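Student: I would like to learn how to read a protein–DNA model, starting with the contacts and ending with a helix. Where do we begin?

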Number of protein chains: 2
Amino acid sequence: MTIGRPREFDTDQALEAAMRQFWSKGYEATSLQNLLEVMEVSKSSFYETFGSKHELLEQCLTLYANTLIASLREELRQAKTGLSFIDKVLMSLIDEATAKSEKCGCLLVNTTNELAQRDKIIAKLVANGTKSLQGVFEEAVRRGQKEGNIPLNKTPEALSNYLVNSMVGLKTMVKGGADARTIKDICEITMTALK
Amino acid sequence: MTIGRPREFDTDQALEAAMRQFWSKGYEATSLQNLLEVMEVSKSSFYETFGSKHELLEQCLTLYANTLIASLREELRQAKTGLSFIDKVLMSLIDEATAKSEKCGCLLVNTTNELAQRDKIIAKLVANGTKSLQGVFEEAVRRGQKEGNIPLNKTPEALSNYLVNSMVGLKTMVKGGADARTIKDICEITMTALK
DNA sequence: AGCATTTTGGACCGCTCAGTACATATCTAT
DNA sequence: ATAGATATGTACTGAGCGGTCCAAAATGCT
């Protein structure tokens, strides 16, 4: 069907590998050489397919945000209550703190810290991602309020922003080496604000 | 008194300039050339005085943490209550969000995100800094509890970790471009956990 | 078979990177 | 004046950076 020489690599797979690399090492610390290796793509194919290192990052951020949001939406859909969803998401950070695998944090948080101030395009992308994340929490809060588990004296907007903020903090704390006990304490106190 | 040719630059001043540069741009994105310019030091003098780019970062992190902690301790000392100190520190983020100057975030947070996972020496330094910050909050919480403004049903350790976490989140949110209203909402809800 | 189309391999680009070597300049102490 | 000590200016290193160019290879279509 398609004309011309066929690709010798999987585009989606390569993009995901690139995403993991940026996630783990950050943008500046990831060299083109690193990318070519993990993506299993030649330099020519790289520039042909992804444009540049910067454009690749844009694609990775979009992929990351879409994947994250889709996964959370699905989890929220399956959750018993809006409140239990929020609790579960927060408490999952405890496992992350315990795991001995590399702690990469959150690509959106990492990229915000590394690039948001000096790269408008990237700033916009991570802001969009964060906004989507807040949207999921807002939906969860609304549901929780409807279900009667979350008081109505705070707006879903404010509460969801508060939750995003906690998540951002927690991801960084875990990355910085905070122990599981500390993370648990933080999660529990964070949850008391929705009581 | 001192023997040999005198320095043509101010060591403390140069170190502070370097700190600001790392604070603004991050470690990888700050080149040696950048540093030499803002520090107003020749390359020879740089290596003679500060050892290497990495060692310079170590010194900058120490300076940053010491300065921050000293400033907060002083503010706590002058505060009317432990609770009002905490409130003031959190709410100061609103001004940061409003300011149109460059939003550098917190050097400890930035460096944790950029380097903590792959640089043990730096990880230790930022962990120490964070620990000191938590210590100040812990002291404030203890004082607040003694003064009767903060309930005793949560430990000072847990509450102070919670506050550090909020600060870490807020610094990143501001850097990511969150508006003042969002920050204010987050601060207010954060404070309800100590009611 | 031959041609259009696309991908790939590899050489190459100028530039910047962090760091070094060493001669020279500037000071104090004698 | 000179010797010892410290600081600086300059030239240099090898390696790596992101990115480009183009010929060769591999496909489908006629």
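**Contacts with the DNA strands**

Tutor: With a polar contact, a pair of N or O atoms within 3.5 Å: a backbone N or O atom of A:Leu32 lies 2.6 Å from a phosphate oxygen of DNA strand D. This is a predicted model, in which local features need pLDDT of at least 70 and side-chain atom pairs count only at pLDDT 80 or more, while totals for chains, interfaces and linings use all residues. Residues are numbered from 1 along each chain as its sequence is written, chains are lettered from A and ligands numbered from 1 in the order in which they are written, and side-chain values use heavy atoms, with hydrogens and water left out.

Student: Which base atom of DNA strand D does A:Gly4 approach with its backbone?

Tutor: A base oxygen, 3.3 Å from a backbone N or O atom of A:Gly4. From chain B, a polar side-chain atom of B:Arg7 is 3.4 Å from a phosphate oxygen of DNA strand D.

Student: Which residues come nearest to DNA strand D?

Tutor: A residue is near a strand if one of its heavy atoms lies within 4 Å of it. There are 25 residues around DNA strand D, and A:Leu32, A:Lys43, B:Glu8, B:Ser44 and B:Ser45 come nearest. Of the strand D atoms within 4 Å of the protein, 69% belong to sugar or phosphate and the rest to bases.

Student: And which are closest to DNA strand C?

Tutor: DNA strand C is surrounded by 26 residues, the closest being A:Glu8, A:Ser44, A:Ser45, B:Leu32 and B:Lys43. Sugar and phosphate make up 68% of the strand C atoms that come within 4 Å of the protein. A side-chain N or O atom of A:Ser44 is 2.5 Å from a base oxygen of DNA strand C. For phosphate oxygens of this strand, a polar side-chain atom of A:Arg7 lies at 3.2 Å, and a side-chain N or O atom of B:Ser31 at 3.0 Å.

Student: Now the helix. Which residues of α2 of chain A are buried?

Tutor: Helices are DSSP runs (H or I, at least four residues), numbered from the N terminus, and buried means under 20% relative accessible area (1.4 Å probe, protein chains only). In α2(A), residues 32-39, the buried ones are A:Leu32, A:Leu35, A:Leu36 and A:Met39. Seen down the helix axis, they fall within an arc of 100° (taken from the directions from the axis to the C-beta atoms), so they line one face of α2(A).

Student: What do they pack against?

Tutor: Using contact as heavy atoms within 4.5 Å, the buried residues of α2(A) pack against α1 (11-25), α3 (43-50) and α4 (53-78) of chain A. Just after α2(A), A:Glu40 has a positive phi of about 55°.

Note on methods: Buried means under 20% relative accessible area, exposed over 50%, partly exposed in between (1.4 Å probe, protein chains only). Helices (H or I, at least four residues) and strands (E, at least two) are DSSP runs, numbered from the N terminus. A polar contact is a pair of N or O atoms within 3.5 Å; within protein, one must be able to donate a hydrogen and the other to accept it, and residues adjacent in sequence count only if both atoms are side-chain atoms.
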